Structure formats: C-alpha cells, structure tokens
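Work through these short exercises with the structure open. Each task is followed by a stepwise solution.

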Amino acid sequence: MKTLSTDMIRIRSARVARFAGLTVAAVLVGGMALQFVGRASAEDARVIPAPSMDEKAGSASTETVVLAGGCFWGVQGVFQHVNGVISATSGYAGGGKDGAHYEMVSTGDTGHAESVRVVFDPRKVSYGHLLQIYFSVAHDPTELNYQGPDSGTQYRSAIFPSSQEQADIARAYIDQLNHAKVFDAAIVTRIEPSRQFYAAESYHQDFLTTHPDYPYIVINDMPKIKNLQHLFPRDFRADPVLVTANASAN
C-alpha cells in the first residue's frame with residue numbers, strides 16, 4: 001500500500017483512487033477525509049415529469065447513449081441499478097484518443113468529460129426514461145462544469161447521443177424542463193454528437209459496488225442509489241449489472 005501525502009488527500013478521491021488497493025484507513029490518514037466533501041455532498045434528487053417526446057418502440061434489442069454528469073463512479077452506479085440496462089461502463093468522451101487517460105483527463109485540458117456508456121434494451125426501458133433518471137437522480141443538470149465537490153470541464157453535464165433522434169429528444173426534453181421551471185436554474189447540459197467513447201481504466205469500473213464504504217462514495221454517490229430506489233421503484237434492480245461480470249461472461 002502506498003502512503004498518501006497531505007496534498008494528495010486534498011485532491012478529489014477519484015484522483016487518489018489510481019493507487020490500486022487503497023483502503024478506507026489510508027484515505028482517512030491524517031484526519032483529512034472531509035477534504036473530499038468540497039463544495040457540497042450529494043445533490044438532492046428531484047421529481048421531474050417524463051419527457052413528452054420519446055423514441056418510438058421498435059424491434060432493436062440494444063441501443064447506446066453516453067452520459068456525463070460529474071464523477072463517473074456515481075453515474076455508472078446509478079445506471080447499473082436500472083432495469084433494462086445491459087451494461088454501464090465508465091470512460092471518457094469529448095476528446096481524442098491520446099488524451100483518454102485518467103491523469104490527463106483530470107487536468108481538464110483534453111476536452112474529455114468523465115462519462116458512462118449505457119447500453120440498454122429499448123423494449124424494457126426507453127431512452128427518454130433513462131434521460132428522466134439522468135436529470136432527476138444521476139446529477140444536477142444546472143451545475144456548469146462541476147458536480148458537488150468536483151470542478152472542471154471534465155465534470156460537465158453532457159449527452160453524447162448515438163443518433164440524430166437521440167439528440168432531438170434530449171434537446172426537446174431540456175426545453176420542456178426549462179419551460180416548466182422544474183429546476184431553480186436553467187439546465188446547462190450540452191448535447192455533443194459524433195464523439196468517440198473510450199473506456200476508463202479497470203480500477204474505475206464498478207467502483208461504487210466494490211468500494212461502498214469509500215468516503216467519497218458514501219457522501220456523494222450512495223444517496224443517488226437510494227434516491228433511484230425511492231423515486232423509481234419499478235426501475236430499480238437490487239443487483240447491479242457489473243462490467244466485471246460482463247467481461248467474465250464473455
């Protein structure tokens with residue numbers, strides 16, 4: 001186990017997490033765990049209306065969308081607990097291949113956002129409904145280039161659609177929510193089409209499930225899972241669909 005310096009502890013815990021095998025005891029060294037809290041703890045979930053525009057039911061068994069909304073640990077964890085989601089993979093989108101590495105993305109200079117590629121069965125859960133969960137539970141779409149304790153363009157709210165229809169539905173939904181003044185401020189979520197997704201390093205995958213007692217997860221992300229279960233009980237699956245499980249199956 002590597003020892004963490006005081007300066008290292010001040011950095012967002014995701015940056016610290018590059019040291020494989022960290023324990024909560026290491027994170028707490030020097031009594032600095034509260035440095036992770038930063039600006040705020042987990043954002044409150046909000047009851048919002050369903051999108052008035054959604055994809056038409058079809059025969060396709062899989063569809064993909066990439067969503068960004070702050071640290072990918074929590075966003076991945078939310079969608080791994082949604083019925084109809086086949087896989088949710090943490091990664092990077094918005095920049096080039098050469099910059100798709102955690103240390104580089106963390107500088108905020110690569111154009112990438114920490115993102116989650118969600119593969120889902122549209123016969124079980126619609127794209128529009130996933131957006132409803134994304135805006136309601138997964139993050140606060142009114143925060144510009146930050147989420148809770150994390151700041152920088154790499155934590156921006158963004159949707160990377162896989163089709164023109166997905167982009168149109170997302171724009172229409174944002175307009176709908178803004179017009180209804182569902183949030184206290186305007187939604188700043190960006191629609192960024194035609195962007196490549198790059199999977200993140202293996203130690204970031206399934207982080208919420210494998211590190212449920214990690215201070216950052218406890219404070220910022222576990223409340224999102226509880227909010228998902230409370231606000232969307234029919235969509236909640238107790239056993240998450242994990243990247244490691246999918247990899248083993250293949």
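A residue is buried when its relative accessible area is under 20%, exposed when over 50%, and partly exposed in between. The model is predicted.

**Exercise 1.** Classify both partners of the salt bridge between Asp184 and Arg46, and place them in the chain.

*Solution.*
- Step 1. Check the contact: N to O is 3.8 Å, and the cut-off is 4 Å.
- Step 2. Asp184 has a relative accessible area of 74%, so Asp184 is exposed.
- Step 3. Arg46 has 30%, so Arg46 is partly exposed.
- Step 4. Asp184 sits in the loop between helix 7 and strand 7, Arg46 in the loop between helix 3 (24-27) and strand 1 (63-69). The two are 138 residues apart, so the pair links distant parts of the chain.

**Exercise 2.** Are Asp221 and Lys224 buried or exposed?

*Solution.*
- Step 1. Their side chains meet in a salt bridge, 3.7 Å from N to O.
- Step 2. Both lie in helix 9 (residues 215-231), 3 residues apart, about one turn of the helix.
- Step 3. Asp221 is at 1% relative accessibility, so Asp221 is buried.
- Step 4. Lys224 is at 10%, so Lys224 is buried too.

**Exercise 3.** Classify Arg123 and Asp121, which form a salt bridge.

*Solution.*
- Step 1. Their closest N and O atoms are 3.0 Å apart.
- Step 2. Arg123 has 53% relative accessible area and is exposed.
- Step 3. Asp121 has 6% and is buried.

**Exercise 4.** Where does Lys181 lie, and what is its phi?

*Solution.*
- Step 1. Lys181 is in the loop between helix 7 (164-179) and strand 7 (190-191).
- Step 2. Its phi is near 55°, a positive value in a residue other than glycine.
- Step 3. At 66% relative accessible area, Lys181 is exposed.

Conventions. Residues numbered from 1 in each chain as written. Predicted model: local features only at pLDDT ≥ 70, side-chain atom pairs only at ≥ 80, totals over all residues. Heavy atoms only, no water. Helix = DSSP H or I, 4+ residues; strand = E, 2+ residues; numbered from the N terminus. Buried < 20%, exposed > 50% of the residue type's maximum accessible area, 1.4 Å probe, protein only.
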